[in-house]
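Please load the model in your viewer and keep the selection panel at hand. We will go from stop to stop, with something to select at each one.

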Amino acid sequence: MVLSADIKLLITSIAIAVGFMAIVLGLIKKDYLTVRYALVWFATGFIFLTLAVFPKSMSFISTVIGIVIPVNALFFLGFMVILVILLALTVSLSSLSRANKRLGQEIAIYGLYLKEIQERLKKDT
């Protein structure tokens, strides 16, 4: 049985999308990826799966956003998804950086407090 190029592409695209989502699930299961960030990756995988199952939808999307060639619209949307993910990760990184700085300052304060207590105990003995 000989499969046409369209069917091969459809099967390959679906396999890649499902494989991607399985990798995300595996990362969650091993606790390498939190559910908070996994939702973004699941959404990406779902969009890819939807475009793989319904390839004509890309033509509709490209017409709606005013891009003549659907492949260019796909690259544009991919670029936009990457920008959104990058922004979300940057916001998260900034928040973690502030928390890390605050924790470092608290540890320094507790260290000074501990040193003062130890000096008082030495004087009392």
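The structure holds one salt bridge, a term that here asks for a side-chain nitrogen of Lys or Arg within 4 Å of a carboxyl oxygen of Asp or Glu. This is a predicted model, where local features need pLDDT of at least 70, side-chain atom pairs count only at pLDDT 80 or more, and totals for chains, interfaces and linings use all residues. Residues are numbered from 1 along each chain as its sequence is written, and side-chain values use heavy atoms, with hydrogens and water left out.

Select Arg 102 and Glu 106 to see the bridge: their side chains meet at 3.5 Å, N to O. In general, side chains of opposite charge can pair when their charged atoms come close. Both Glu 106 and Arg 102 sit in helix 4, four residues apart, about one turn of the helix. Helices here are DSSP runs of H or I with at least four residues, strands are E runs of at least two, and numbering starts at the N terminus. Are these two partners buried or exposed? Neither extreme fits: Glu 106 is partly exposed at 32% relative accessible area, and Arg 102 is partly exposed at 45%. The classes are buried under 20%, exposed over 50% and partly exposed in between, with a 1.4 Å probe and protein chains only.

Stay on helix 4 (70–124) and add helix 3 (56–65); each of these elements gives two or more residues to a nonpolar surface patch. To show the patch, select Phe 60, Val 64, Ile 65, Phe 76, Phe 79, Met 80, Leu 83 and Leu 86, which together make about 770 Å². Patch residues have over 30% relative accessible area and no salt bridge; like charges are joined within 9 Å, and nonpolar side chains (Val, Leu, Ile, Met, Phe, Trp, Tyr) within 5 Å. Which element gives the largest share? Helix 4 does, with five residues. One of the patch members to click on is Leu 86, in helix 4, partly exposed at 49%.

Next, select Phe 20 and Trp 41. They form an edge-to-face aromatic pair, 6.1 Å centre to centre and 65° between the planes. Rings of Phe, Tyr and Trp (its six-membered ring) pair if their centres lie within 6.5 Å; planes under 30 degrees apart are stacked, over 60 edge-to-face, and the rest tilted. By this rule the count comes to one aromatic pair. Phe 20 lies in helix 1 (residues 5–29) and Trp 41 in helix 2 (residues 35–53), so the pair ties together parts that are 21 residues apart in sequence. Phe 20 is partly exposed at 29%, as is Trp 41 at 31%.

Now move to the loop between helix 1 and helix 2 and pick Asp 31. Its phi is near 65°, a positive value in a residue other than glycine. Most residues other than glycine have a negative phi. Asp 31 is exposed, with a relative accessible area of 63%.

Finally, zoom out. The protein has four helices and zero strands. Its C-alpha trace spans about 90 × 35 × 15 Å along the principal axes. The radius of gyration, taken over C-alpha atoms, is 26 Å, while a compact globule of 125 residues would be near 14 Å (rule: 2.2 Å times the number of residues to the power 0.38). Colour by accessibility, and buried residues make up 10% of the 125.

Methods. Accessible areas come from the Shrake-Rupley method with a 1.4 Å probe; for residues, only the protein chains shown count as cover.
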